[in-house]
Amino acid sequence: MASGREKAYAYLKDTVLTDPGMQGAFLSEQDLADRIGVSRTPIREALLQLAAEDLVELVPKRGARVAPLTGREIRELMELRGIVERYAAEQLVSAGRAPVAELRSLLDRQRELTGAEEAKEFIDVDHRFHAALVSAVGNTLLDRHYDGLRSRQIRAGVVALFNQQGRQEAVMEEHGAIVDALAAGDARAACAAIDHHLESTLKVLLAG
């Protein structure tokens, strides 16, 4: 059974920090405790952990604030994702074991989530799409490293959807290009499709 701190940490990271409306907002420890069903102590412990990860800011006499993603963080996130995902594509094509069926299934799921009210789930599936590509390499440390980007990746993705009308359709087209290149065994095309997808997302986020 998860501890109070673990429950608070998971709720904050997966629900609060990924809400576009919470970017830059101060958090109420009591409100969070009431919502999660724990005391304020686990909330404080979870906030300290998130502050150590630079996901929230602890402001003296004000409390914890959801730290908005800066332009530099967004650029570094996309750069790091590109390095990992291109490596994964090259390794998988070389070994002839790209998870094409799984990626197509996740893309089909995204096509069912086109409403604005489903944006967060759409981006959650988006993360699963990219994580499936990385996970297929079979490198546990790489998986752990990539999973550490999850909260920032989902936050950035949700914000991108709200920043540009039609972004969901563009994401699905970009994902389709990645899958098609992997299915064709074309590592160069797969890397180019990954770069295009990440660069498009970066432009939308910086423009917003």
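## Helices α6 and α8

In this predicted model, helix α6 (residues 119-135) packs against helix α8 (residues 150-163) with the axes 9 Å apart and an angle of about 130 degrees. The two helices are therefore oblique to each other, and α6 passes α8 in a right-handed crossing.

If you would like to pick out the contact in your viewer, select Ala-119, Lys-120, Phe-122, Ile-123, Asp-124, Asp-126, His-127 and His-130 on α6. Their counterparts on α8 are Arg-150, Gln-153, Ile-154, Gly-157, Val-158, Leu-161 and Phe-162. Sorted by class, this contact of α6 with α8 has seven nonpolar, four polar and four charged residues.

## Helices α4 and α10

Next come helix α4 (residues 71-95) and helix α10 (residues 187-207), whose axes come within 9 Å and cross at roughly 165 degrees. Since angles over 145 degrees count as roughly antiparallel, α4 is therefore roughly antiparallel to α10. The crossing of α4 past α10 is right-handed.

From α4, the contact takes in Gly-71, Ile-74, Arg-75, Met-78, Arg-81, Gly-82, Glu-85, Arg-86, Ala-89, Glu-90 and Val-93. On the α10 side you will find Ala-187, Ala-190, Cys-191, Ile-194, Asp-195, Leu-198, Thr-201, Leu-202, Leu-205 and Leu-206. The tally for α4 with α10 is twelve nonpolar, three polar and six charged residues.

## Helices α1 and α2

Towards the start of the chain, helix α1 (residues 4-16) meets helix α2 (residues 29-36): their axes come within 11 Å and cross at roughly 100 degrees. That angle makes α1 roughly perpendicular to α2.

Here α1 contributes Lys-7, Ala-8, Tyr-11, Leu-12 and Val-16, while α2 brings Leu-32, Arg-35 and Ile-36. By class, the contact of α1 with α2 holds six nonpolar and two charged residues, with no polar ones.

## Aromatic rings

How many aromatic pairs does a search of the whole structure find? The search comes back with zero.

There is still a ring worth a look: Phe-26 has Arg-62 lying over its face, at 4.1 Å from the ring centre.

Note on methods
Residues numbered from 1 in each chain as written. Predicted model: local features only at pLDDT ≥ 70, side-chain atom pairs only at ≥ 80, totals over all residues. Heavy atoms only, no water. Axes fitted to C-alpha atoms, helices over the stretch in contact; angles between N-to-C directions. Helix = DSSP H or I, 4+ residues; strand = E, 2+ residues; numbered from the N terminus. Parallel < 35°, antiparallel > 145°, perpendicular 65-115°, else oblique. Contact = heavy atoms within 4.5 Å. Nonpolar A, V, L, I, M, F, W, Y, C, P; charged D, E, K, R; others polar. Phe/Tyr/Trp six-rings, centres within 6.5 Å; stacked < 30°, edge-to-face > 60°. Lys NZ or Arg CZ within 6 Å of the ring centre and 35° of its normal. Left-handed = near helix turned anticlockwise from the far one by under 90°.
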